[in-house]
Amino acid sequence: MRVQIAAANWKMNLTVREAEKLLEVLLGESYELTENQKVVFAVPAPYLTIAEEKIAKHSQMFIAAQNVYSKKSGAYTGEVSVTMLQSIGVDHVIIGHSERREYFGETDELIAGKVNICLETNITSIFCCGEALPVREVNQQNSYVSHQLEESLFYLPAEQIVKVVIAYEPIWAIGTGKTASSEQVQEMHAFIRSQIEKRYGIEEAQSISILYGGSVKAANAKEIFSQPDVDGGLVGGASLIAEEFIAIIKALKV
Ligand code: PEP
């Protein structure tokens, strides 16, 4: 069974007090998570340690960084390394979010380097891919996403690729309130899985969690998550509202 994941991406939001309060409310709820479900909070870097301490007693909850650099240490002012994340117990990281690709010029090559270093240190990458609106408008989304996978993931050996979580996030649906329809989501997730199967085999394809991201909220989570190839979501805006994210966690498939 593929792991079903509700991942919150808080992006560059909240003060430390607001972050603590939000986590307290979220952790105060009872979820009855099955062994097959997990919840990940990608919090801003300054709050990673605090968040780690808060979720310590919750066995199926994890803290993620929103970014990491592709080198372990050195003269890279302002960057955060996997070694640092590991030293504070952070075991997940979002890699290649479209905002990092767009605003910080992250290339497929840099992203591949980040995936590699995470694998070396046993940190789970949540690898983001997805097309912009002009690509979707000319119906080129499959080849676009396929290229992203080829460049940054498909060079990995089978025993490594199965450790990566993929998040399909059509850029036109991120933060816009415009969710992809459940048919569009299922179609792309099935396509991604078919590409993994073609390259690696059915066992690998069936073991990788593929999350959907793009304006997921309480009102649409159940329908999107119920699609056969969707294994949960990566959630931005709605993850900052406790009731919304609680409902999203509860919408995960068992
Ligand atoms: C995201 O940031 O990954 C995201 C999907 O944002 P939103 O849910 O706000 O569209």
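1. Two residues are in contact here when heavy atoms of theirs lie within 4.5 Å. Keep that in mind as you look at this predicted model. Glu 106 is a good place to try it out: leaving aside residues up to four places away in sequence, Glu 106 touches Asn 67, Gly 96, Arg 100, Arg 101, Ile 111 and Lys 114.

2. Let's stay with Glu 106 for a moment. You will find Glu 106 in the loop between α4 and α5 (108–120). Is Glu 106 buried or exposed? Its relative accessible area is 7%, and buried means under 20%, so Glu 106 is buried. Its side chain also meets that of Arg 100 in a polar contact of 2.7 Å.

3. Arg 100 has another partner to look for. Arg 100 lies over the face of Phe 104, 4.2 Å from the ring centre. A similar arrangement can be found elsewhere: the charged end of Lys 38 sits over the ring of Phe 62, at 4.8 Å from its centre.

4. Now turn to His 97, in the loop between β4 (92–95) and α4 (98–103). His 97 is buried, with a relative accessible area of 5%. Its side chain reaches the backbone nitrogen of Glu 99 at 3.0 Å. Which residues does His 97 contact, once neighbours within four places in sequence are left aside? They are Asn 9, Lys 11, Cys 128, Glu 169 and Ile 174. Cys 128 is worth a second look: His 97 and Cys 128 are 31 residues apart in sequence, yet their C-alpha atoms are 5.2 Å apart in space.

5. Next, the aromatic rings. The structure holds five aromatic pairs. In one of them, Tyr 69 and Tyr 76 have ring centres 5.1 Å apart and planes at 50°, so this pair is tilted. Tyr 76 is partly exposed, with a relative accessible area of 32%. The rings of Phe 154 and Tyr 200 have centres 5.8 Å apart and planes at 80°, so that pair is edge-to-face. Phe 154 is in the loop between α7 (141–152) and α8 (158–161), while Tyr 200 is in the loop between α9 (182–199) and α10 (202–207), so the pair ties together parts 46 residues apart in sequence. Both Phe 154 and Tyr 200 are buried. Elsewhere, ring pairs join Trp 10, Phe 41 and Phe 245 into a cluster.

6. Helix α1 (residues 16–28) is a nice one for checking geometry. At 1.5 Å a residue, its 13 residues should span 18 Å, and the end C-alpha atoms are indeed 18 Å apart. Ala 19, Glu 20, Leu 22, Leu 23, Leu 26 and Leu 27 are buried in α1. These residues cover an arc of only 165° around the axis, which puts them on the same side of α1. On the other side, Arg 17, Lys 21 and Gly 28 are exposed. The cover over the buried residues includes β2 (37–42), α2 (48–55), β3 (61–65) and α12 (242–250).

7. Try the same check on α7. Its twelve residues should span 16 Å at 1.5 Å a residue, and the end C-alpha atoms are 17 Å apart, which agrees. Here the buried residues are Gln 141, Val 145, Ser 146, Gln 148, Leu 149 and Ser 152. Why do they line one face of the helix? Seen down the axis of α7, they fall within an arc of 155°, so they line one face. Among the elements covering them are α4, α5, β5 (124–129), α6 (133–137), β6 (165–168) and α9.

Conventions: Residues numbered from 1 in each chain as written. Predicted model: local features only at pLDDT ≥ 70, side-chain atom pairs only at ≥ 80, totals over all residues. Heavy atoms only, no water. Phe/Tyr/Trp six-rings, centres within 6.5 Å; stacked < 30°, edge-to-face > 60°. Buried < 20%, exposed > 50% of the residue type's maximum accessible area, 1.4 Å probe, protein only. Helix = DSSP H or I, 4+ residues; strand = E, 2+ residues; numbered from the N terminus. Lys NZ or Arg CZ within 6 Å of the ring centre and 35° of its normal. Expected span 1.5 Å × (residues − 1). Arc of directions from axis to C-beta. Polar contact = N/O pair within 3.5 Å; in protein donor to acceptor, adjacent residues only side chain to side chain.
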